[in-house]
Amino acid sequence: MAEAAGDTKAPRLESLDALRGLAALSVVFWHWQHFWLLGTPLLTWRDGAEPDRTLEPLHPLLKIFYEYGHRAVDLFFVISGFVFFFLYQKAIAEGAMSGGKFAALRFSRLYPMHLATLIAVAVLQALFLHATGQHFVYEHNDAAHFTLNLFFINLMESSGFNGPTWSLTVEIAMYAVFWALARAGALRGVWGCIAVFAIGIGFWFIYPPLGRGLCGFFAGGLIYKFYQACIARADVKRIARGALALAATSWAGLVFLVYRGAPAGLLNHLPAAAVRFLSHAGMAFVICYVVFPITVLAAALCDRLARPNSRTLRLLGQISYSSYLLHFPLQLLIALACVNGVLSLGLVHSAGMLLAFFVILIPLSALAYARFEMPAQRALRKLLLHKPATAPGVLSTPSP
């Protein structure tokens with residue numbers, strides 16, 4: 001999140017960058033279920049397949065990540081919405097950011113790593129198919145789906161190749177909606193965001209990934225509007241402390257509900273339908289559109305007031321996109337080693353493998369960012385914009 005829409009530097013949002021990096025790593029825990037396909041007759045995922053999550057490594061400690069890690073994708077959407085409003089909304093509305101330049105900035109940020117991991121997964125899936133007669137996890141790995149993936153089209157219900165990139169498809173759709181509405185001046189106030197959020201709720205019942213994208217991205221936009229109002233006040237420090245306290249309280253309550261459950265006395269006084277709602281859809285809504293927005297606001301206000309300068313925060317931000325796109329190819333490599341007898345099934349399912357996975361993934365992602373993502377981005381921007389440029393490292397999302 002290093003640069004504004006033009007050529008001038010924007011205030012750094014290191015806490016939000018770090019939050020995005022943590023969200024990317026959270027998705028890895030949700031996808032650890034992929035390894036439980038190994039040793040079973042069917043190695044590709046099917047609707048209705050549900051692993052016993054209590055068997056996953058260190059489940060009592062990591063339960064919140066194993067059972068709700070997929071919601072980190074929605075946190076990505078909220079962060080993206082905040083950052084894009086922060087960096088681009090005014091410039092687009094005033095005509096200072098053309099559609100071509102906006103598209104070039106996004107393409108150069110997202111495409112190099114997407115293409116590299118798409119090719120890597122295609123090769124690894126071909127090797128896995130040769131070894132087992134099946135693909136691993138995602139079954140749509142034919143030429144047609146490869147072509148669609150080249151154009152960022154990877155739908156959740158027909159995921160293939162690097163399956164988590166379904167969220168890139170949604171994110172890019174959000175970019176188009178955002179640019180069109182911003183250019184039309186529909187996002188100057190809050191009502192445009194509220195209207196799109198309401199439309200997104202409707203899409204939760206039609207095509208949930210798009211509903212998640214619309215709600216999350218424009219919830220982020222609403223939080224940015226509130227952030228603008230906060231920093232204009234003389235008592236902004238008090239507001240920031242309040243936001244931090246509210247975020248901490250929200251997370252404490254969420255952790256309590258995940259690990260201990262809702263108090264039985266409360267549930268006994270609620271209708272059965274209300275209990276089901278609180279257990280499933282309601283829980284998701286509270287996480288995505290209450291806890292996440294409050295957290296993003298608190299992080300942004302901290303960045304505004306404290307201006308952190310931490311290597312750890314920067315690292316987490318830098319690895320967010322690469323770790324999201326690299327974690328499935330790395331899983332596929334481990335699965336290949338397992339089916340070929342290099343690694344035992346027991347080792348793959350162990351806590352040691354979980355630790356080793358992160359020990360490999362984080363440095364690998366940092367290396368990919370420094371030696372591939374950024375050089376490729378600079379080269380593409382020089383080619384497309386006829387001058388070197390850097391723009392915000394906004395992750396497009398991740399997937400469950």
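**Group meeting: Gly 221, helix H3 and some buried charges**

Let's start with a glycine. Leaving out residues up to four places away in sequence, Gly 221 touches Gly 81, Phe 82, Phe 85 and Cys 193. Keep in mind that this is a predicted model. Gly 221 sits in helix H8, residues 208-231. Its relative accessible area is 0%, so Gly 221 counts as buried. Another glycine to look at is Gly 192. That residue is 29 residues away along the chain, and the two C-alpha atoms are 9.6 Å apart.

Now the overall picture. The protein has 16 helices and 0 strands. Of its 400 residues, 52% are buried. Take the contacts with a separation of 6 or more: 80% of them join residues 24 or more positions apart.

Next, helix H3. H3 covers residues 72-93, which is 22 residues. From first C-alpha to last, H3 reaches 30 Å, close to the expected 32 Å. Where does H3 bend? At Phe 85, by about 45°. Phe 85 is also one of the residues that Gly 221 touches. H3 is largely enclosed by the rest of the structure, because 21 of its 22 residues are buried. After H3 comes Gly 95, with a positive phi near 85°.

On to the charges. The count of salt bridges is 7. One of them pairs Arg 71 with Asp 74, with the closest N and O atoms 3.2 Å apart. Arg 71 has a relative accessible area of 13%, under the 20% cut-off, so it is buried. Asp 74 is at 0%, so Asp 74 is buried as well. These two belong to a salt-bridge network with Arg 212.

Helix H1 has a pair too. Arg 20 and Asp 17 form a salt bridge at 2.7 Å, N to O. Both residues lie in H1, 3 residues apart, about one turn of the helix. Both are buried. Further along, the side chains of Asp 235 and Arg 238 meet at 2.3 Å, again N to O.

Last, a charge without a partner. Glu 56 lies in the loop between H1 and helix H2. Glu 56 is buried, yet has no salt bridge. How far away is the nearest side chain of opposite charge? That is Arg 53, at 4.1 Å. The salt-bridge cut-off is 4 Å, so the pair is not counted. What else is around Glu 56? A polar atom of its side chain lies 3.2 Å from the backbone nitrogen of Gln 33. Beyond its neighbours within four places in sequence, Glu 56 contacts Phe 29, Trp 32, Gln 33, Trp 36 and Tyr 66.

Notes: Residues are numbered from 1 along each chain as its sequence is written. This is a predicted model: local features need pLDDT of at least 70, side-chain atom pairs count only at pLDDT 80 or more; totals for chains, interfaces and linings use all residues. Side-chain values use heavy atoms; hydrogens and water are left out. Helices (H or I, at least four residues) and strands (E, at least two) are DSSP runs, numbered from the N terminus. Buried means under 20% relative accessible area, exposed over 50%, partly exposed in between (1.4 Å probe, protein chains only). Lys and Arg count as positive and Asp and Glu as negative; His and the chain ends are not counted. A polar contact is a pair of N or O atoms within 3.5 Å; within protein, one must be able to donate a hydrogen and the other to accept it, and residues adjacent in sequence count only if both atoms are side-chain atoms. Contact means heavy atoms within 4.5 Å. The expected span of a helix is 1.5 Å times one less than its number of residues. The bend at a residue is the angle between axes fitted to the seven residues ending there and the seven starting there.
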